[in-house]
Amino acid sequence: MKREKLIKKYNICVVGAGHVGLVAAAGFADLGHKVICVDNNKARIAALKKNIMPFYEPDMEELVKKNFKAGTLAFSPSLDEGIKKSRVIFIAVGTPPLPDGSADLTAIENVAMCVAKNLDSHKVIVEKSTVPVQTGQRLKETIKRYKNNDVEFDVVSNPEFLREGKAVYDFFYPDRLVIGAESARAKAIMQEIYSPIKTEFVFTDINTAELIKHASNSFLATKISFINSVSRVCDLAGADVDKVALAMGLDKRIGPQFLNAGIGYGGFCFPKDVEAFTFISKKLGYDFGILKEVKKVNDEQRSHFVNKIKERLWVLKGKKIAVLGLSFKPDTDDMRFAPSEDIVNLLAQEGAALSLYDPKAKAEAQELFKGKNIIFAKDSYTAVKGADCVCFLTEWGEFKKLDFVKVKKMMQHALLADGRNMLDKAQMIKLGFEYIGMGR
Ligand code: UDX
């Protein structure tokens, strides 16, 4: 798809070289802006300067390399330098969950204080990370409190909706751009920054923009937990959740996406965002009961999956179980809050002999399961050798292409536990496998 012309070039600082920040930095540079991406992780910045990526994301490496070489994308460990050089500062730092379900906003406050210190001309400070509603107001107050001149500034909320594994595509082709801006100047600058991107712009106040992000992610998580609950009833009633989802999705008011039943959602967004929205709603005076149930259903899917295997294999102690797919979804090496973490831990607790394989997340998984008696196989076939059961926990494309005749021959007992409903059930049964699905 063709891009529109860039109306005006800006000096942009992106704070945070994580999944959101790095893609946005490279994306803005590619749109024609001059970008400096800063991160306080010095090793990460040093590696990026040598074109070594901190994580795997399709097409990101090429985009970073291309713009770094062209001189439109630079990296620095210095927040002061980034802010001084830029008119617009995008905050894409982490807001990790605290034990009580609230979000840790220390990194955001730190950026606000640094902006206040370096505010020598008008700047726009944009929240890109997911933050609790009203964080923008706090940002404004903090900058006002710590700056020591009368230079003006604007705070904007521009929530990011990109999906890991499709982040580069989502940056250039978003379904919509949400811009919470409270001055005509800030609104115009944001429009100019994104001018090459053809999509619907939704302009709101800052609180509303922040709430759009909460509501969107929580709604998608609700859709997943809803279909997972339906899958439980399908199991009990002898119905097929895939067909239920297909027919439901054909209703335009429902839509087909996010109706894949399975072991539930993971990743750094949904689990954290559902909790954060529940927490902030309560703080504001509303008990968001639906979201508590969404989390409960999601957590239960993992133990439900392990129970299904136990029903078939009876005693798990000493049984060899191969686990294919560990990342929270395909096309990423991200293991944060991945359903595989709970499932592997539950299987290990039962004393199963585990052999794990993931196309990209091996290093992350090795770190996560350090100290556990787990084997990491070099490929799927090595993992399944002698197995009593093969679990599929991430729907990587390469698993669908496995030679299942060979897989069956290599296994000790031909049981497949398909946590993502990714295999052709009828075909697997025809090949002689016992098959466990989620609501089918
Ligand atoms: C999500 C949002 O989609 C994105 O807009 C936001 O910016 C960040 O959070 P992401 O976490 O990258 O993106 O992954 P997504 O593709 O949304 O999947 C999240 C989780 O839900 C994965 O674990 C996935 O396996 C699971 N999922 C998704 C299901 O279990 N069923 C589905 O039908 C869809």
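**Two domains and a helix pair**

Guide: In this predicted model, 17 residues of domain 1 are in contact with 17 residues of domain 2.

Visitor: Where does the domain assignment place domain 1 and domain 2 along the chain?

Guide: Domain 1 is assigned to residues 11–204 and domain 2 to residues 218–436, and the centres of the two domains, taken over C-alpha atoms, are separated by 33 Å.

Visitor: What area is buried between domain 1 and domain 2, and which residues of domain 1 lose the most area?

Guide: About 1,500 Å² is buried between domain 1 and domain 2, with carbon and sulfur atoms giving 59% of that area. On the side of domain 1, Tyr-56, Gly-101 and Glu-164 lose the most area to domain 2, and together these residues make up 38% of what that side buries.

Visitor: How many salt bridges are counted between domain 1 and domain 2?

Guide: The count between the two domains is 1 salt bridge. As for Glu-164, its side chain meets that of Arg-336 in a salt bridge, with 3.6 Å from N to O.

Visitor: How should I read the packing of helix H6 and helix H9?

Guide: Two packed helices are described by the angle between their axes and by the distance between those axes. Here the axes of H6 (residues 135–146) and H9 (residues 206–237) come within 8 Å and cross at roughly 135°, and H6 and H9 are therefore oblique to each other.

Visitor: Which residues make the contact between H6 and H9?

Guide: H6 contributes Thr-135, Gly-136, Gln-137 and Lys-140, while H9 contributes Ile-206, Asn-207 and Glu-210; by character, the residues of this contact divide into 1 nonpolar, 4 polar and 2 charged.

Notes:
Residues numbered from 1 in each chain as written. Predicted model: local features only at pLDDT ≥ 70, side-chain atom pairs only at ≥ 80, totals over all residues. Heavy atoms only, no water. Axes fitted to C-alpha atoms, helices over the stretch in contact; angles between N-to-C directions. Helix = DSSP H or I, 4+ residues; strand = E, 2+ residues; numbered from the N terminus. Parallel < 35°, antiparallel > 145°, perpendicular 65-115°, else oblique. Contact = heavy atoms within 4.5 Å. Nonpolar A, V, L, I, M, F, W, Y, C, P; charged D, E, K, R; others polar. Domains from an automatic or database assignment. Buried area = accessible area lost by both parts, 1.4 Å probe. Salt bridge = Lys/Arg side-chain N within 4 Å of Asp/Glu carboxyl O.
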